[in-house]
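I sat down with this model to work out how its parts fit together. My notes follow in the order I looked things up.

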Amino acid sequence: MRKKMGLVEDDDRVRRRFAHAIGRSHEFELWFETGSMLSALEWMSQCPPDAWPSLWLVDLGLPDGSGLSVIRHALALHPQTQVMVVSMFGDESKVLDCIDAGAMGYILKGQGDEDILLHIEDLLHGGSPMSPIIARQVLSRFRMAREVQRPGRKPSGSDDALADPYLTARELDVLDWIARGYSYEEVAANLQVALNTIRHHVRGIYAKLGVHTKVDAINEARRRRWLDAS
């Protein structure tokens with residue numbers, strides 16, 4: 001029996017192309033398609049469990065909202081489902097947000113039809129397909145996080161006891177946006193999270209770095225070479 005798929009893509013031409021490619025496959029069946037966030041959320045909420053797709057292809061830039069909401073809703077209803085993002089957006093913050101939301105693949109648009117089918121097969125067989133530039137970003141962020149967590153802290157009570165505090169990848173991301181001059185409200189909008197979430201991250205950053213102002217936090221992070229000094 002062919003595996004059911006859902007498709008959320010607002011570009012009619014791209015959606016038709018994906019639908020055609022899926023229709024030619026003997027392994028997959030397009031069960032639902034839409035170009036709207038709201039219609040996707042509504043369909044998901046009403047879909048019976050036995051009709052739920054095994055995999056969703058989701059675009060991020062939808063006319064009535066974000067594909068992130070689709071990802072979160074899908075996985076909240078059926079955690080076992082698989083989600084692959086197919087988007088024009090390749091900036092690091094959106095990639096990390098999608099991974100945080102539970103997406104297991106992230107492909108930039110421009111792939112050929114056969115490539116899309118290969119990525120779908122890869123995902124359903126346990127892989128995590130990513131465009132090379134996306135994989136590089138993820139690996140770079142992972143390496144940065146590992147650097148932050150490297151061993152060698154000085155004993156408690158030393159003047160430099162916080163020489164190697166643990167900052168999460170998201171805290172580093174928030175601090176980077178702030179260092180570039182964005183307000184908390186702007187950072188929240190760019191990362192598509194609540195303002196209180198940004199404030200929570202900032203409090204955690206201050207506590208871990210032993211500082212009390214964003215200027216001190218930025219300077220300390222630059223001293224440790226976690227942020228660009230420019």
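I started with G6, and found it opposite W56 of β3. This is a predicted model, so I'm reading positions off a prediction. The strands behind that pair are β1 (residues 3–8) and β3 (residues 55–58), which pair in the parallel sense over 4 bridges.

Next I wanted the whole sheet. What is the order of the strands in it? I get β2-β1-β3-β6-β7, an open sheet of 5 strands with parallel pairing. The edges are β2 (28–34) and β7 (105–108); each has a single partner strand, so one side of each lacks a neighbour in the sheet. I also checked the twist: on average, neighbouring strands are turned by 20° against each other, direction ignored.

Then the β7 end. β6 and β7 pair in the parallel sense, again over 4 bridges. Here V85 stands opposite Y106 in β7. I traced the connection too: β6, helix α4 (residues 92–101) and β7 form a right-handed β-α-β unit.

Are the faces of β7 covered or bare? I looked at the side chains with the usual rule in mind: in a regular strand they alternate between the two faces of the sheet. For β7, both faces turn out to be covered. G105 and I107 are buried on one side, Y106 and L108 on the other.

On to the helices that lie across the sheet. Helix α1 (residues 12–23) lies across β1, β2, β3 and β6 (82–87), and its direction is at about 160° to β2. Helix α2 (residues 37–46) lies across β1, β2 and β3, at about 120° to β2.

α1 also has a helix partner, so I noted the geometry the standard way, because two packed helices are described by the angle between their axes and the distance between the axes. For α1 and helix α5 (residues 113–124) the angle is about 65° and the axes are 10 Å apart. The crossing of these two is right-handed. Which residues make the contact? From α1 I listed R17, F18, A21 and I22, and from α5 D113, I116 and L117. By type, the residues of this contact divide into 5 nonpolar, no polar and 2 charged.

I116 got its own entry. This residue is in helix α5, and its relative accessibility is 3%, so it counts as buried, the cut-off being under 20%. Leaving out residues up to four places away in sequence, I116 touches F18, L57 and Q111. I also took the C-alpha to C-alpha distance from I116 to I22: 8.9 Å in space, with their positions 94 residues apart in sequence.

Further along the chain I looked at helix α7 (residues 169–179). How many of its 11 residues are buried? I count 9, so α7 is largely enclosed by the rest of the structure. The buried set is R170, E171, L172, D173, V174, L175, W177, I178 and A179. Just after α7, G181 takes a positive phi of about 100°.

Last, some totals for the protein chain. Its secondary structure comes to 10 helices and 7 strands. Of its 230 residues, 45% are buried. Among contacts with a separation of 6 or more, 62% are between residues 24 or more positions apart.

Note on methods:
Residues numbered from 1 in each chain as written. Predicted model: local features only at pLDDT ≥ 70, side-chain atom pairs only at ≥ 80, totals over all residues. Heavy atoms only, no water. Pairing = 2+ DSSP bridges. Axes fitted to C-alpha atoms, helices over the stretch in contact; angles between N-to-C directions. Contact = heavy atoms within 4.5 Å. Left-handed = near helix turned anticlockwise from the far one by under 90°. Nonpolar A, V, L, I, M, F, W, Y, C, P; charged D, E, K, R; others polar. Buried < 20%, exposed > 50% of the residue type's maximum accessible area, 1.4 Å probe, protein only. Right-handed = clockwise from strand over helix to strand, strands pointing away.
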